[in-house]
Amino acid sequence: MAIQDKARRVTLYMGESDHQRGKALYMAVLELLKNEGAAGATVLRGLAGFGAGGRLHTAGIVDLAHDLPLRLEWVDTPEAVERLLPRIRRLADEALITVEEVEIVQHPPAGRADPLEQPTAAVMKRDPVAIRPDTPLAEIIRLLLEKESRSLPVVDDVGRAAGIITDGDLLRRVGLSARLDDPDALLARLAELRRRPETAAELMTRPVIAVGAGEPLRRAASLMVEKDLKRLPVIGEDGRLAGWVSRVDILRALARHRPAGDGEEEEEAVPTGTALTELMYRDVPTVPVDTPLEEILAAIERTRRRRVVVVNDRQQVVGLITDGDLLRRSRPGAQPGVLARLREILTGQPPSVRLPEAGQTAAELMTAPALTVRPETPLADALQLMLAHQIKRLPVVDAEGRLLGLLGRASLLRGLLQAGG
């Protein structure tokens, strides 16, 4: 967080005896916050107190291990709180939780240290869902859907990383077509795949590109840029899988260490020197606001980035449409959506999502207004905007609002590495 930033303080009130999944609740909450890259949290132990149950808890000289009240405080950016608080509430469902606005007037100098020099273990997510080499194809598909993950590490009998499977691997290696406008063909293909004998050992990519838990975060970022990867397995000193670090984990780490300049002598932790026009890609499909659904689907499928920019008659950016938008904005229609039908086949859950109706246009389906940046926008500002709104790509526009290109997370990370040296 930056000095003099607006922030939010989340406070949880609980007892020492509160547990979740065999672990002290306060430790479970702290571990979740640490694994998800929260700015920091502290647990305070009370001398006495009582809660909704009316039972008075006190600490005497003899009985210091009594069930005393605890207060866990977590201060972070508003976007971090919005992202993580739902998970905290589910984990600590019996705790009293409050949220209040606070102002950061001073931040420890450690916040200005180069975030890319910290060990990867400080940023990684721990306890990733992993599979074995003999995991069957149907189980792999189920995990990718249920865990909402794009990748699964494959580990051997002693926990060493043996390979990795991504949703892209699945599409390429088993011939799975994911056309949004042809769910019947996809469903027939999936039904066939469930009967196939392939296992993770036959589908995974190897050797594994990984980073050591003790290696600097800069090494992980460089590997992602060099190999065009979105995430990396993290290997501990014992050679076993220790965690998982993604591109967005690194970007969040950079954003948290951005100082709010109150003098030229302060060094920016997030570099600002690379122009967005050097990082953006220009092969961006566009559609007019009155484009019908069928043409939107065709345009999305022609690009591997799975999105189109909606422009008006003056070629100004007015919105974006992704394949995810089509599912989120769907309404009852003739065809069940792909995601719902996949879940029905693999998990037995009934479909709850349907594709948009054929008569809908880009104006009805787009996310608007579109968040945009100008070519002169500093990298640090583009980073904050992307993370605050949880978006993967930003349109770069000229002074008249006309599209110049799209800035993605991969390009942004490459620019931050280049500018940082």
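This is a short tour of a predicted model, stop by stop.

**Stop 1: colour by confidence.** The chain has a mean pLDDT of 78. Of its residues, 72% reach 70 or more. Now select residues 177-183, where pLDDT stays under 50. The model still gives this stretch 20 contacts beyond four places in sequence. Next, select residues 259-272. Here too pLDDT stays under 50, with 30 contacts beyond four places in sequence. Where pLDDT is low, the predicted coordinates should not be read in detail.

**Stop 2: a sheet.** Select residues 286-288, 307-311 and 317-322. These are strands β15, β16 and β17. They form an open sheet in the order β15-β16-β17, with mixed pairing. Which strands lie at the edges? They are β15 and β17, and each pairs on one side only. Neighbouring strands are turned by 35° against each other on average, direction ignored. Zoom in on β15 and β16: they pair in the parallel sense over 3 bridges. Find T286, which stands opposite V309 in β16.

**Stop 3: a helix on the sheet.** Select residues 293-301, helix α9. The helix packs on the sheet and touches β15, β16 and β17. Its direction makes about 130° with that of β16.

**Stop 4: a cavity.** The whole structure holds 2 cavities of 30 Å³ or more. Go to the second largest, with a volume of about 30 Å³. Select its lining: N35, E36, G37, V123, K125, D249, R252 and R256. Which helix gives the largest share of this lining? Helix α8 (residues 247-256) does, with 3 residues. By class, the lining has 5 charged, 2 polar and 1 nonpolar residues.

Key:
Residues numbered from 1 in each chain as written. Predicted model: local features only at pLDDT ≥ 70, side-chain atom pairs only at ≥ 80, totals over all residues. Heavy atoms only, no water. Pairing = 2+ DSSP bridges. Helix = DSSP H or I, 4+ residues; strand = E, 2+ residues; numbered from the N terminus. Axes fitted to C-alpha atoms, helices over the stretch in contact; angles between N-to-C directions. Contact = heavy atoms within 4.5 Å. pLDDT = per-residue confidence, 0-100. 1 Å grid on protein atoms, 1.4 Å probe; cavity = no way out; pocket = protein on both sides within 12 Å on 5 of 7 lines; lining within 4 Å. Points joined across faces, edges and corners; volume = space filled by probe spheres on them. Nonpolar A, V, L, I, M, F, W, Y, C, P; charged D, E, K, R; others polar.
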